Amino acid sequence: MIKKNNNSNNNNNNNNQNQNYNRKPRNNQNNRDVNRVFTYKTGMTLREVSEGLNIVPGIIIQYLMKQRMLVNINQVLEKDLVEIIVNDFGYKLENEKLPESSFLDGSNVEYSKEEVLERRPAVVTIMGHVDHGKTSLLDAIRNSRVIAGEAGGITQHIGAYQVKRKNGDITFIDTPGHAAFAEMRARGAKMTDIVVLVVAADDGVMPQTKEALNHALAANVKIIVAINKIDKSNANPDKVRNELINLGLLPDNLGGNTPFIPISALRKQGIEDILDAIELISEIEEYKASYTRAAAGIVIESNLDKGMGPEATLLVQHGTLKVGDYVVVGNVLGKIRTMVDDFKRPYKQATPSQPVVVSGLESVPEAGDRFLVFSSQEEAKKIAAARVLSNKNALNSGAGGSLEDILNRQTTGDKELNVIIKADVQGSIQAIKNLLESIKIEDFRARILASSVGAINENDINLAFSSNSIIVAFNIRPSAAMRQSAESKKVDIKSYEVVYRLEEDIRAALEGRVAPEMVEKIIGQAEVRQLFSNSKVGKIAGCMVTDGIITRDSKIRLLRDQKIIYEGRLASLKHLKDDAKEVRAGFECGLSIKNFDDIKEGDIIEASLLKEVE
């Protein structure tokens with residue numbers, strides 16, 4: 001929005017500007033000449049607009065005053081307002097042309113035939129259920145460098161490090177293993193070549209094991225299974241193997257392509273076997289990158305250091321990063337001032353697959369942000385400003401989307417649909433799987449990435465986001481928080497009570513038919529806090545509206561542990577003692593349900609309306 005100055009007059013001016021600039025530009029055909037082009041740059045002030053139009057600022061100020069907008073010469077103008085001014089003064093507005101590389105994500109770089117690609121170290125992420133020994137394995141590998149005689153001691157933890165081997169380096173990324181950090185783990189799978197999946201031999205496959213495996217499979221990376229804690233008396237490696245085979249991982253000694261390696265991270269047993277397996281995969285895959293182009297890569301983690309200011313651990317994925325480079329990290333501008341590794345040894349440059357901690361950024365970026373190097377500070381400033389604007393318009397182009405969007409983006413080849421299934425019981429999951437397998441539509445194939453009984457959680461949404469999937473929910477409804485998270489990430493949750501409606505939706509999407517004229521839209525949720533009995537009405541639920549709005553005429557579902565218990569209509573809705581047509585979030589209400597009395601404290605009342613769409 002428009003930048004605010006310190007005095008109150010300017011605040012009022014900004015409010016006036018905000019209220020008026022959204023109108024459409026007048027199509028001033030009498031004055032407009034398509035050959036007179038005005039080039040728009042992000043963050044332009046009124047002075048810069050006047051210079052671009054070659055007219056004195058006072059004329060634009062007078063023009064805006066007639067539009068009831070008071071703007072001073074140094075204020076930044078929103079693009080919509082600039083478009084109105086430019087159009088009304090007879091010019092055609094065009095956006096400044098930025099290099100195509102400006103918005104590359106740092107990983108999907110296309111190389112020209114002329115570029116020389118050289119071998120780079122493999123990037124390895126270690127994943128696994130909490131307490132299964134992921135951190136112990138990372139530390140065992142990390143400490144092996146000191147034992148091997150490498151100078152210096154480990155002085156800091158930077159979330160990534162390299163191990164030198166006889167056939168080259170290996171880069172290890174430390175992504176958090178707890179379920180609360182599922183989104184970071186999803187990012188980890190995207191920036192890695194090989195995933196080492198740690199499973200405790202005394203515990204077996206656990207929920208986070210499955211989540212980590214799903215992220216690795218969705219990212220289409222190589223997997224090595226490390227069966228840890230084999231030194232324990234109750235260790236059962238065969239159980240782990242069988243559980244993972246049932247999840248679709250076939251050991252290499254049984255004809256598959258997944259190494260299963262028994263280890264004890266605590267006793268440093270099997271560490272060399274893990275490293276040898278990584279080296280073997282690296283030789284086969286021949287991971288390569290250009291060392292000569294401008295550097296690009298990803299932020300592993302970041303922090304604010306008291307002495308150095310904003311710092312970020314960067315993983316270089318392409319090109320060579322140098323001290324003194326102008327860099328845009330996410331939408332943060334910077335010039336690389338220092339570069340060190342986890343031993344705090346200084347570097348003048350970093351090559352592909354090398355992690356380094358850098359300083360010189362204007363602010364702290366976010367983990368998972370992409371970085372790019374530019375030839376000049378001016379160019380970097382333009383890109384940083386343009387990225388800010390781009391981030392307002394889209395969270396992440398190419399991720400998420402509706403069922404129709406996902407299938408329509410696949411313009412050639414097979415129509416593959418990634419699906420995550422959440423259901424009330426295991427039988428429902430099997431029914432949906434059978435249905436998806438039975439759909440015999442030309443070029444269509446459903447790929448089930450994950451399935452589980454229970455409520456939709458943040459891990460499901462993050463997996464759908466990172467793998468371009470839809471979530472199919474059967475007799476399960478997302479909470480308000482999960483619905484908002486899905487909307488922010490553009491993840492489509494398709495809810496069903498009748499399984500065959502899923503087939504109808506897929507057919508409609510594949511055939512390009514329009515959506516039904518009437519669609520159900522969830523408008524609010526209320527939580528049952530207290531119960532009362534009334535001889536005339538029956539059971540009355542005292543509720544707090546926690547999200548959106550509950551209306552008297554809305555269709556309702558009663559959810560218990562996010563499972564659908566009942567669907568119907570409200571018999572009554574009251575606010576305090578008065579009948580109410582609607583009650584909004586933050587207010588209490590009393591309600592009863594037609595022909596249903598089995599309400600319990602903690603139940604969720606979900607309200608929805610049928611709305612007509614084009």
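Select Val196 first, and display everything it touches: leaving aside residues up to four places away in sequence, its contacts are Val124, Thr125, Ile126, Met127, Leu137, Ile224, Ala226 and Ile278. Keep in mind throughout that this is a predicted model.

With Val196 still highlighted, extend the selection to the largest nonpolar core, which has 26 residues and in which Val196 belongs, together with Leu137, Ile141, Phe172, Ile224 and Ile278, to those with the most contacts inside it. Colouring by element shows where this core comes from: β4, α5 (134-147), β5, β6, β7, β8 and α9 (271-285) each contribute at least two residues, and the largest share, six residues, is supplied by α9.

Next, hide the side chains and select the strands of the open sheet, whose six members follow the order β5-β6-β4-β7-β8-β9 with mixed pairing. At its edges stand β5 (160-165) and β9 (260-262), each of which has a single partner strand, so that one side of each is left without a neighbour in the sheet. Averaged over the sheet, and with direction ignored, neighbouring strands are turned by 25 degrees against each other.

Within this sheet, zoom in on residues 122-128 and 168-174, which are strands β4 and β6; the two run parallel and are joined by five bridges. Here Ile126, which is also among the contacts of Val196, stands opposite Asp174 in β6.

Now add residues 207-218, which form helix α7, and view this helix against the strands: α7 lies across β4, β7 (194-200) and β8 (222-228), and runs at about 165 degrees to β7.

For the next stop, move along the chain to Cys543 and Cys589 and show their sulfur atoms. Why are these two cysteines not joined by a disulfide? The sulfur of Cys589 is 4.8 Å from its closest cysteine sulfur, that of Cys543, and this is too far for a bond, since a disulfide requires sulfur atoms within 2.5 Å. Both residues are buried, Cys543 with a relative accessible area of 3% and Cys589 with 6% relative accessibility. Searching the whole structure likewise finds zero disulfides.

Finally, zoom out to the complete protein chain, which contains 15 helices and 30 strands. Of its 614 residues, 48% are buried, while the surface that the chain exposes comes to about 30,600 Å², with carbon and sulfur atoms supplying 47% of it. Among the contacts between residues at least 6 apart in sequence, 73% join residues at least 24 apart.

Technical notes:
Residues numbered from 1 in each chain as written. Predicted model: local features only at pLDDT ≥ 70, side-chain atom pairs only at ≥ 80, totals over all residues. Heavy atoms only, no water. Buried < 20%, exposed > 50% of the residue type's maximum accessible area, 1.4 Å probe, protein only. Pairing = 2+ DSSP bridges. Helix = DSSP H or I, 4+ residues; strand = E, 2+ residues; numbered from the N terminus. Axes fitted to C-alpha atoms, helices over the stretch in contact; angles between N-to-C directions. Contact = heavy atoms within 4.5 Å. Core = buried A, V, L, I, M, F, W, Y, C linked by side-chain atoms within 4.5 Å. Areas by Shrake-Rupley, 256 points an atom, 1.4 Å probe, with all protein chains shown as cover.
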